[in-house]
Amino acid sequence: MSSLTSYALADGIATIVMDDGKVNALSSAMLRELASALDRAAADEAVVVLTGRERTFSAGFDLRAEDWQTMLIDGATVAERLLAFPQPVVVACNGNAVAMGALLLLCADVRLGADGPFRVGLNEVAIGLTLPWFAIALARHRLARPAFDRCTVTGPLLEPAEAAPAGFLDRLVEPERLADAAREAALELRGVDRAAHAATKLRVREEVLAGVRDGHERLRGEPGGW
C-alpha cells in the first residue's frame, strides 16, 4: 500500500498491517490508507485481518495534527466502514490500543489480543479531551456495563486481562501465537455465508451505525461539533 500500511492477500484472507515505524498514530493519512485497504479487501471479497507493528496496535489519533476536524471525520468514516464491512473482520491487537486505536477494536467482528504488558482503553478524558459522539455510540454498543460508564467517563487504560471482560477484546493469546490465532480465526470465518453475514451485521448494528453516522454529521456541522 505505502509507507504507513501494507496489504497482503492469501487464501482469501486480506492482512492489513498498520506500521508508521512508531506508535501507529491514526493521522488522516493513515486513516485514508486504511479506508483504501478496506476497499481493496471488499473488491477481493476477502476476510480481513487488521493488525499493527510489533507490540503496537495503535496509540490513537495523531495529537500533532493541525486539522483535528478532518482527522476525526476520517476516523468516523473508517469506524462506519468497519462496522458495516460486508466480509468478516478480525483484529489482531498485538500491543497497546489507545483512544481511536481502541475504538477500532470495537468495530471488528472478532477481536484477539496479545496477553502482555500492554494497555487498552479510551483515555481521552484522562488527557483532557471530550469523547466524540461517534466514539460514545461505539462504546455503548460493545462495552459491558458498568465498564461502559467507567471507561468513557474516567478514561482508564486497562491491562489485556481486564480489557477482555470489559468488552474491548474477545480472547487473549500469547503474543507469539497471535498471528497464527488470527489466521485460524479468519480461515474459519471464510466458511460463513457472506450474504447472510452482511445482511445480519447491518440489522444487528443498525442502532450503533445510526449513532456513528449522527456523530459523523455533527463533526461535519461545525468546528467543535464533536
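## Close-up views of a predicted model

**View 1. Strand 9 and its two parallel partners.** L112 stands opposite R171 in strand 11. The model shown here and in the other views is predicted. Strand 11 covers residues 171-173 and runs parallel to strand 9, joined by three bridges. Strand 9 also pairs with strand 7 (residues 89-93). That pairing is parallel too, with four bridges. Here V90 is the residue opposite V110 of strand 9. Strand 9 spans residues 110-114, and four of its five residues are buried. L112 also belongs to a nonpolar core of 15 residues, described in View 3.

**View 2. The hairpin of strands 1 and 2.** Strand 1 (residues 5-10) and strand 2 (residues 13-18) run antiparallel. Six bridges join them. T5 has M18 in strand 2 as its bridge partner. Two residues lie between the strands of this hairpin. One residue in the turn, D11, has a positive phi of about 55°.

**View 3. Two separate nonpolar cores.** The largest nonpolar core holds 60 residues. L26, F57, L105, F134, L138 and F168 touch the most other members. Helix 2 (residues 68-83) gives this core its largest share, eight residues. Another core lies apart from it and has 15 residues, including I13, L112, A181 and L189. In soluble globular proteins, nonpolar side chains tend to be buried together.

**View 4. Helix 2 and its buried residues.** Helix 2 has 16 residues. From first C-alpha to last it reaches 22 Å, close to the 22 Å expected at 1.5 Å a residue. Its buried residues are M71, L72, I73, D74, G75, A76, V78, A79, E80, L82 and L83. The list includes the acidic residues D74 and E80. Helix 2 also helps to cover the buried residues of helix 9.

**View 5. Helix 9, with a buried face and an exposed side.** Helix 9 runs through residues 206-221. Its 16 residues should span 22 Å at 1.5 Å a residue, and its end C-alpha atoms are 22 Å apart, so the two values agree. V208, L209, V212, G215, H216 and L219 are buried. Seen down the helix axis, the buried residues fall within an arc of 120°, and therefore line one face of helix 9. E206, E207, E217 and G221 are exposed on the other side. Helix 2, helix 4 (133-142) and helix 8 (194-204) are among the elements that cover the buried residues.

**View 6. C93 and C107, two buried cysteines without a disulfide.** The whole structure contains zero disulfides. C93 is in none, and its nearest cysteine sulfur, that of C107, is 13 Å away. Seen from C107, the closest cysteine sulfur is in C93; at 13 Å the pair is too far for a bond, since a disulfide needs sulfur atoms within 2.5 Å. Both side chains lie in buried residues. C93 has a relative accessible area of 2%. For C107 the value is 0%.

**View 7. The surroundings of T56.** T56 lies in strand 5 (residues 56-58). Its relative accessible area is 12%, so T56 counts as buried, the limit being under 20%. Leaving out residues up to four places away in sequence, T56 touches K22, V23 and N24. Its contacts also include N94, G95 and N96.

Conventions
Residues are numbered from 1 along each chain as its sequence is written. This is a predicted model: local features need pLDDT of at least 70, side-chain atom pairs count only at pLDDT 80 or more; totals for chains, interfaces and linings use all residues. Side-chain values use heavy atoms; hydrogens and water are left out. A nonpolar core is a set of buried Ala, Val, Leu, Ile, Met, Phe, Trp, Tyr and Cys residues joined through side-chain atoms within 4.5 Å. Buried means under 20% relative accessible area, exposed over 50%, partly exposed in between (1.4 Å probe, protein chains only). The expected span of a helix is 1.5 Å times one less than its number of residues. The arc is that of the directions from the helix axis to the C-beta atoms. Contact means heavy atoms within 4.5 Å. Two strands pair if DSSP finds at least two bridges between them.
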